[in-house]
Amino acid sequence: AGATLRRVPLPDRQRVRMRDMVDAIVRTGTALAVTGAAAAPAFQGGRKGPLRTPGAKGMARRIRLWQEFVAVVHARCGADGTGGSDPWDAVIDGANVGYYRRTSPDTPNHIDYARIDRLVDRLTGEGRRVLLVLHERHFYPDTMPEKFRHFQQKWKDAKILYSSPGGCNDDWFWLYAALHVPDPLVLTNDESRDHTFQMVADDPPFVKWKERCQCRFFTRGEGGRREGREL
């Protein structure tokens, strides 16, 4: 009687190890440098097919862009995930939110920018410091209708948007950003089936981290009892 439940945080060493696994995957294509496993997966998972590694020029570009991103993360959140100039405590997998339930033939072929913005407003209204990760292709002139362009400017002005570069998997960016800080809220319905997740998910702490930090979402009108954020 009188007992209370208390959230037990994931040890920093486990979180940092998983973050470093993501970093190794981006830089080398595997997490071997961190895990010491005997072999690396040869399949990306989901429907993405065999693991593809770019040539020397492509790899150099990837590493350069990744280093620029990591520098931004460290500047805003501190090298150890605490402090920094402008840290976040909520990370949005923008593509996952934007493509949610957009599968019918008459659905526009772009993401739902307004839905993403509603989520941003809700989280910032709750006092959350948000990082929104979206691949740069979602802002190309032939992809983003002009009537939604104001959302991009709004997110830029609020300094919450990171546009992941072409040729890179946007999952790398939001996952690294989320693992870099202690105990964030991570908005995604991603089932963790691609190769990044497959490599990281070999560690049982990743399951605990997802259970603790991942917040799923749904839209009004969906049947059944659901847990998560309504969009």
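**Exercise 1. Decide whether Glu68 is buried, partly exposed or exposed, and find its salt-bridge partner.**

*Solution.* In this predicted model, the relative accessibility of Glu68 is 43%. Buried would require under 20% and exposed over 50%, so Glu68 falls in between and counts as partly exposed. The next step is to look for its partner, and here the side chain of Glu68 meets that of Arg64 in a salt bridge, with 3.5 Å from N to O. Arg64 has a relative accessibility of 44%, so this residue also counts as partly exposed. Finally, we place the pair in the chain: because Arg64 and Glu68 are four residues apart in helix H3 (residues 56–77), about one helical turn separates them.

**Exercise 2. Work out which parts of the chain the salt bridge between Lys154 and Asp117 links, and how accessible each partner is.**

*Solution.* We begin with the contact itself, in which the closest N and O atoms of Lys154 and Asp117 are 2.9 Å apart. Lys154 lies in helix H6 (residues 149–157) and Asp117 in helix H5 (residues 113–125), so that the pair, 37 residues apart, links distant parts of the chain. For the accessibility we compare each value with the cut-offs: Lys154, at 34%, is partly exposed, whereas Asp117, at 7%, is buried because this value is under 20%.

**Exercise 3. Describe the salt bridge of Arg122 and then find which residues are joined into one network by salt bridges that share partners.**

*Solution.* Arg122 is paired with Glu126, and their closest N and O atoms are 3.5 Å apart. Both partners are partly exposed, since Arg122 has a relative accessible area of 36% and Glu126 has a relative accessibility of 42%. The network, in turn, consists of Asp117, Asp121 and Lys154, which are joined by salt bridges with shared partners. For the whole structure, a search finds eleven salt bridges.

**Exercise 4. Establish the order of the strands in the sheet, identify its edges, and examine how strand S1 is joined to strand S4.**

*Solution.* The sheet is open and is formed by five strands, whose order is S3-S2-S1-S4-S5, with parallel pairing. Reading this order from its two ends gives the edge strands, S3 (161–164) and S5 (214–215), each of which pairs on one side only. Turning to the pair in question, we find that strand S1 (residues 90–93) and strand S4 (residues 185–187) run parallel and are joined by three bridges. As a detail that can be located in the structure, Val91 stands opposite Val186 in S4.

Conventions: Residues are numbered from 1 along each chain as its sequence is written. This is a predicted model: local features need pLDDT of at least 70, side-chain atom pairs count only at pLDDT 80 or more; totals for chains, interfaces and linings use all residues. Side-chain values use heavy atoms; hydrogens and water are left out. A salt bridge is a side-chain nitrogen of Lys or Arg within 4 Å of a carboxyl oxygen of Asp or Glu. Buried means under 20% relative accessible area, exposed over 50%, partly exposed in between (1.4 Å probe, protein chains only). Two strands pair if DSSP finds at least two bridges between them.
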